[in-house]
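Visitor: I'd like to learn how to read a few features of a protein model. Could you walk me through them?

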Amino acid sequence: MRAWQMFTDAALEGDRHPDTLTLKGRLLKDRGLSAPSTAERSRLLGAARQAYLSAAAMMPATYPLINAATIALLEGNRKDAAILATRVLTMLDAGDHEPETAYWLHATRAEACLLLGEIDKGQAVLAQAVRQAPRAWEDHASTLRHFRLIMTVLEQPADWLDAYRPPASLHFSGIIHVAPDQTQSPERIAEAVDRIRPGFAFGALAAGADIMVAEALLERDVELHVMLPATIEGFRHDSVSSFGTHWEARFDAILDAAASVETIETLDAVSQSGIYVGDEMAMGCAIRHARQLESHAVALRLGDGTRAQGSLLDAAWRDRGLPIERVSLERSGTTASPPPTFAREALVAVPDGEQADHFAHAGAALIRHGAFTIARFDDPVAAARIALADVTLHGRTLGVTYGAYDPAGNATQRLETAVRVAGAGLPGQVPVSRSLALALTLHAPDLHCENFGQIASAQGDLALGLLAVR
């Protein structure tokens, strides 16, 4: 939806350049496949097909033509789908096509074969495509998504596509105090990683089991994404150095090797609330990544695997139907003071002069901040639901942020961030902080939240999601 809004805002809808028409076809197709009604789906897919055909008429390119062919099949027009698929194969055989990677040329040929009902040949050509680019996970996912649609319309089994699914996305967490006599711990962790065979992993890096599993993942060339519940300096002090300086070099080496490192920059110290929000975000990342790649998400718990209120998050994970693998590790006899509790809340920024009483009736505490009323919720899902319902009903611009915070810290900064987020909204849509978008992925899968972009805040660039009725 956001992409289509940007397309129309740029006044591109009437542009007749073949590249613009191809983009238009793609955006209309995506809208059509998620349309809420059969009539709307038919209208959008028909418009997408026409945009693709118009582009294909202007330049020798297989991409718009194969998409038009697949849309024809989705519309129930198998004859036109076969005619267009045959044209694609003729272009590929003659080399009369746009410059493209070997993967996409093979995948396009495989798609054309499926549209012609040549399932065995399509399978063989897809296998050739994957061999051309075995780690092009996003390309594989896009192909699998298309091919599942085709197989469904053809009423043919699609289980053979599972062999080409990208590997799992893993969320990991574990105990800090691993018993020093647990010499088998690395072997047990390695066995679990080999059993799951993830391609991507998300989690924190506390001394102990977290660092041990991260090292095992990197040894197996798994793409590691680190999520820390505080600044790097604060986390290093509280959750690494405090448990022995021998962990520090290992922590630093993993940070250097990680594909990404994300932190809760508003917290200078590790806290129970920060750990909770950090785990929500890492779990949401794992689920989203798996969904984007047409794959699956798995959780790995080392020892009892608990963090602050960790059992609540694992219950939400299981409610999504997602598996949890467990590795038995014993804690050492060492004890440490628990981290401070701190707090967490969601903030809804409502423009001044707008009715906000219903937020109070939903359990929020209301405060004034400049030209805004701020509704403070303990439950981020409740905040998101009432904000979305409000925007859908009234069409006004709200913003929602969520996170952990130090009650003794700068409250004004958090309120101003909520106001900035509200200013990024579009009519009928709710901009939300990235932390809320990821928490909703875990707790409320029925709420659709797409990426939005970034805005400037007092803490630097702030990544946002866009919540909308779907």
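Guide: Happy to! Let's begin with burial: a residue counts as buried when its relative accessible area is under 20%, and as exposed when it is over 50%. Keep in mind that this is a predicted model.

Visitor: Is cysteine 449 buried or exposed?

Guide: Its relative accessible area is 7%, so cysteine 449 is buried. Cysteine 285 also counts as buried, because its relative accessibility is 12%.

Visitor: How many disulfides does the structure have?

Guide: First the general idea: a disulfide is a covalent bond joining the sulfur atoms of two cysteines. Here, searching the whole structure turns up zero disulfides. For cysteine 285, the nearest cysteine sulfur belongs to cysteine 449 and is 12 Å away.

Visitor: Why is cysteine 449 not bonded to cysteine 285?

Guide: A disulfide needs the two sulfurs within 2.5 Å. The sulfur of cysteine 449 lies 12 Å from that of cysteine 285, so the pair is too far apart for a bond.

Visitor: And the sheet: in what order do the strands run?

Guide: In general, strands of a sheet pair through backbone hydrogen bonds, in a parallel or antiparallel way. In this model, six strands make an open sheet with parallel pairing, ordered S4-S3-S2-S1-S5-S6. S4 (260–263) and S6 (324–327) are at the edges with a single partner strand each, so one side of each has no neighbour in the sheet. From one strand to the next, the twist averages 20°.

Visitor: Which helix packs on the sheet?

Guide: That is H13 (residues 272–292), which touches S1, S2, S3, S4 and S5. The direction of H13 makes about 165° with that of S1 (168–174).

How values were computed: Residues numbered from 1 in each chain as written. Predicted model: local features only at pLDDT ≥ 70, side-chain atom pairs only at ≥ 80, totals over all residues. Heavy atoms only, no water. Buried < 20%, exposed > 50% of the residue type's maximum accessible area, 1.4 Å probe, protein only. Pairing = 2+ DSSP bridges. Helix = DSSP H or I, 4+ residues; strand = E, 2+ residues; numbered from the N terminus. Axes fitted to C-alpha atoms, helices over the stretch in contact; angles between N-to-C directions. Contact = heavy atoms within 4.5 Å.
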